[in-house]
Amino acid sequence: MRKRVITLASALLLGLSANAQKVEFEEYDLSNGMHVILHQDNSAPVVTVGVMYHVGSKDEEDGKTGMAHFYEHLLFTGTKNIGRGEWNKIEAANGGTGNANTNWDRTYYYETFPSNNLQLGLWMESERLLHPIIDQKAVDTQNEVVKEEKRQRMDNAPYGKIIYGDVYSHIFDKHNYGRPMIGYIKDLDAAKLSEFQDFYNKWYMPNNAVLVVAGDFEKASTKKLIKDYFEPIPARTLPKRDKVVEPERTQEKRVKEYDSNIQLPAILLAHKTPSMKERDSKVLDVISTILSNGKSSRLYKKLVDDKKKALQVFSFARNLEDYSVYNIGAIPLGKTSLDDLIKEMDEEIEKLQTELISDRDLQKVRNKFENQFVASNSSVQGIANSLARNYMLVGNTNQINKELEVINSITKEEIRDVAKKYLAKNRRVVIEYLPKKK
């Protein structure tokens, strides 16, 4: 068994598309509304089955938060035909691996098996959708798991609130993106079993999901398996989603957050930015790369290498369906004040807002994005995730093949104008992230 798992891991690394710059796929709908995407790649004997559901923490009701992330754990309990606690054992016994993840917009489940176990992967995912175990014992068990995860990732992790978006309450006044993705534990503790079951029935249905099969398979037989396992699952009426409009900020906001796990403070410049569907979100990804990606980036070279005012600098976007969040931050070194770091960071932002970057810098950014593209699509697992995300959240599955085209078409003028528009001081929230005495 050990040898088989190692072989699978090696296959995952070697499972490259024949042409890394072009991901071929076929997509269609089942009669119950489930969308299907197939990416055939017979270069390695491995296959990923993934199902993404269009439900995340933004879809939760006030007082009933945490449900979306909770189901990421709960749906590994078992089903009518998979014994309680047997899910992971079945995967491992058949040379497979599996996991799930949640964000504010969607929940994604996947398994990767040797390709001769494709049918098993499809059956397990159909079982998860048809009749999972949702009883009080499962809820009580997973509630403890979620609490432990919160303690590890947020409560006891240095800078955890920044990493996991727990500071977004300062950015969003109306939109549910301002709530913690993991929810509030008090809501989970107070929830009744019927409320957990209601959440599942509200969102987990074939017409609110996309099924992706990526890797080594034969199309005709796979389509028949998909039809047999998934098409009998009845569609239901999807609840109406009301788009929440977050007002534009017109004045800089300054707040403080405290973390008992740190000794050094941090400063964070946080901005509400456009949806991941919009071109400007890609331009902001480019800006992030210019500012802090690598030791030759502007903020790193200036604050860490040259002036030695910062122990670390960072900027990153969290691209989401309705809006995105863009953060620029630094951890001071020595006696450097947070205000001094803000001043230094503002100087670099202002340069982007007023000066065009060089041809060399633009080409360097394009090279980095090409490397990222190849890395993200270097396994069938990565390709499956990208296909599902682009279909569900971007609205265009083929965006997987347009990413580099978009990045390479971004101009110096666009970089300047987007920096000027979205990184304006009156649109941002300045968060002082400070040590808290235990």
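I'll start with strand E10, residues 324-332: 9 of its 9 residues are buried, so the strand is largely enclosed by the rest of the structure. Keep in mind that this is a predicted model.

Buried here means under 20% relative accessible area. In a regular strand, side chains alternate between the two faces of the sheet. For E10, both faces are covered. On one side sit Ser324, Tyr326, Ile328, Ala330 and Pro332, and on the other Val325, Asn327, Gly329 and Ile331, all of them buried.

What does E10 pair with? Strand E8, residues 266-273, runs antiparallel to E10 and is joined to it by 7 bridges. Within that pairing, histidine 271 has tyrosine 326 of E10 as its bridge partner. E9 is also antiparallel to E10, with 8 bridges between them. There, arginine 318 is the bridge partner of valine 325 in E10. The connection from E9 to E10 is a hairpin through 5 residues.

Next, the pockets. Rolling a probe the size of a water molecule over the atoms shows where empty space is left. The largest pocket holds about 880 Å³ of space. It has 31 lining residues, and the closest to its centre are Lys282, Asp285, Asn319, Arg389 and Glu403. Strand E9, which we just met beside E10, is one of the elements that give two or more residues to this lining; the others are helices H10, H13, H14 and H15. Which element gives the largest share of the lining? That is H10, with 6 residues. By class, the lining divides into 11 nonpolar, 13 polar and 7 charged residues.

The second largest pocket has about 580 Å³ of space. Of its 27 lining residues, His69, Glu72, His73, Ala100 and Glu149 lie nearest the centre. Helix H2 (67-74), strand E4 (97-102) and helix H5 (136-155) each give two or more residues to that lining. H5 gives the most, 7 residues. The class split is 8 nonpolar, 12 polar and 7 charged.

Last, the nonpolar cores. The largest one has 49 residues, and those with the most contacts inside it are Tyr71, Leu122, Tyr204, Leu211 and Ile226. Take tyrosine 71 as the example. Leaving out residues up to four places away in sequence, tyrosine 71 touches Tyr109, Ile134, Phe196, Gln197, Phe199, Tyr200 and Tyr204. There is also a second, separate core of 38 residues, including Leu284, Ile349, Phe369 and Val430.

Note on methods
Residues are numbered from 1 along each chain as its sequence is written. This is a predicted model: local features need pLDDT of at least 70, side-chain atom pairs count only at pLDDT 80 or more; totals for chains, interfaces and linings use all residues. Side-chain values use heavy atoms; hydrogens and water are left out. A nonpolar core is a set of buried Ala, Val, Leu, Ile, Met, Phe, Trp, Tyr and Cys residues joined through side-chain atoms within 4.5 Å. Buried means under 20% relative accessible area, exposed over 50%, partly exposed in between (1.4 Å probe, protein chains only). Contact means heavy atoms within 4.5 Å. On a 1 Å grid over the protein atoms alone, a cavity is a set of points where a 1.4 Å probe fits but cannot get out, and a pocket is an open set with protein on both sides within 12 Å along at least five of seven lines; lining residues have an atom within 4 Å of a point. Grid points are joined across faces, edges and corners, and a volume is the space filled by probe spheres set on the points. Helices (H or I, at least four residues) and strands (E, at least two) are DSSP runs, numbered from the N terminus. Ala, Val, Leu, Ile, Met, Phe, Trp, Tyr, Cys and Pro count as nonpolar, Asp, Glu, Lys and Arg as charged, and the others, Gly among them, as polar. Two strands pair if DSSP finds at least two bridges between them.
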